[in-house]
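Please take a moment with the sequence and the 3D structure shown here before reading on. The paragraphs below are meant to be followed with both in view.

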Amino acid sequence: MASRVPLLCGYRLSGMRGTKLLFRDVSFSLNPGGALVLLGRNGSGKTTLLEMIAGFNQPNAGALFWDGEKMNRTLRLDRSRFRCHWVDCRRDGTSERTILP
């Protein structure tokens, strides 16, 4: 039986906010039906990583793969191909981002 390629894979990702390095060399793989849990202190880069996965930001290093295909700007813009949705709601009911189809 052939092995299945993970649905979502991050390889040696690094992320920055401005000039501050938030994380580096983060790797993960997520199979269909799986879940990705991010734990960390405030400012450790959890939201930055999610924004990379959703296509709002590019990794400073490393690569993201969706179903074996490297996620580049074109693939990120065609969100229907990888069914990624972002909802960012604040406690006061406002939203900083738009809900994606």
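What follows is a walk through this structure, from the whole chain to its sheet and then to one helix.

The model is a predicted one, and its protein chain has 2 helices and 4 strands. Read from the N terminus on, these elements come in the order β-β-α-β-β-α. Of the 101 residues in the protein chain, 31% are buried, while the accessible surface comes to about 7200 Å², with 52% of that surface belonging to carbon and sulfur atoms. Among the contacts between residues at least 6 apart in sequence, 42% join residues that are at least 24 apart.

The sheet is a good place to begin in detail. Its 4 strands form an open sheet in the order E2-E1-E3-E4, and the pairing is antiparallel. Strand E2, residues 20-30, and strand E4, residues 69-70, stand at the edges with a single partner strand each, so one side of each has no neighbour in the sheet. Strands of a sheet pair through backbone hydrogen bonds, in either a parallel or an antiparallel sense.

Strand E1, which covers residues 8-17, pairs with E2 over 7 bridges in the antiparallel sense, and with E3 over 5 bridges, again antiparallel. Cysteine 9 shows both pairings at one residue, since its bridge partner in E2 is serine 29, while its bridge partner in E3 is phenylalanine 65. Leucine 8, for its part, stands opposite tryptophan 66 in E3. Where the chain passes between E1 and E2, the two strands form a hairpin with 2 residues between them, and glycine 18 in that turn has a positive phi of about 65°.

On the other side of the sheet order, strand E3, made of residues 61-66, is joined to E4 by 2 bridges, and these two strands run antiparallel. The residues already met in E3 return here, for phenylalanine 65 stands opposite lysine 70 in E4, and tryptophan 66 stands opposite glutamate 69 in E4. E3 and E4 also form a hairpin with 2 residues between the strands, in which aspartate 67 takes a positive phi near 55°.

With the sheet in mind, the reader can turn to helix H1. This helix, residues 46-54, lies across strands E1, E2 and E3, and it runs at about 125° to E1. Within H1, the residues Thr48, Leu49, Glu51, Met52, Ile53 and Ala54 are buried. Just after the helix, glycine 55 takes a positive phi of about 95°.

Which residues does threonine 48 contact, leaving aside its neighbours within four places in sequence? They are Met16, Arg17, Leu22, Phe23 and Asn57. Threonine 48 has its place in helix H1, and its relative accessible area is 4%, which is under the 20% cut-off, so threonine 48 counts as buried. One of its contacts can be described further, because the side chain of threonine 48 makes a polar contact of 2.7 Å with the side chain of arginine 17, a pair within the 3.5 Å cut-off for such contacts.

Taken together, these details give a chain whose strands are arranged as E2-E1-E3-E4 in an open sheet, with helix H1 lying across E1, E2 and E3.

Technical notes. Residues are numbered from 1 along each chain as its sequence is written. This is a predicted model: local features need pLDDT of at least 70, side-chain atom pairs count only at pLDDT 80 or more; totals for chains, interfaces and linings use all residues. Side-chain values use heavy atoms; hydrogens and water are left out. Two strands pair if DSSP finds at least two bridges between them. Contact means heavy atoms within 4.5 Å. Axes are lines fitted to C-alpha atoms, for helices over the stretch in contact, and angles run from 0 to 180 degrees between N-to-C directions. Buried means under 20% relative accessible area, exposed over 50%, partly exposed in between (1.4 Å probe, protein chains only). A polar contact is a pair of N or O atoms within 3.5 Å; within protein, one must be able to donate a hydrogen and the other to accept it, and residues adjacent in sequence count only if both atoms are side-chain atoms. Accessible areas come from the Shrake-Rupley method with a 1.4 Å probe; for residues, only the protein chains shown count as cover.
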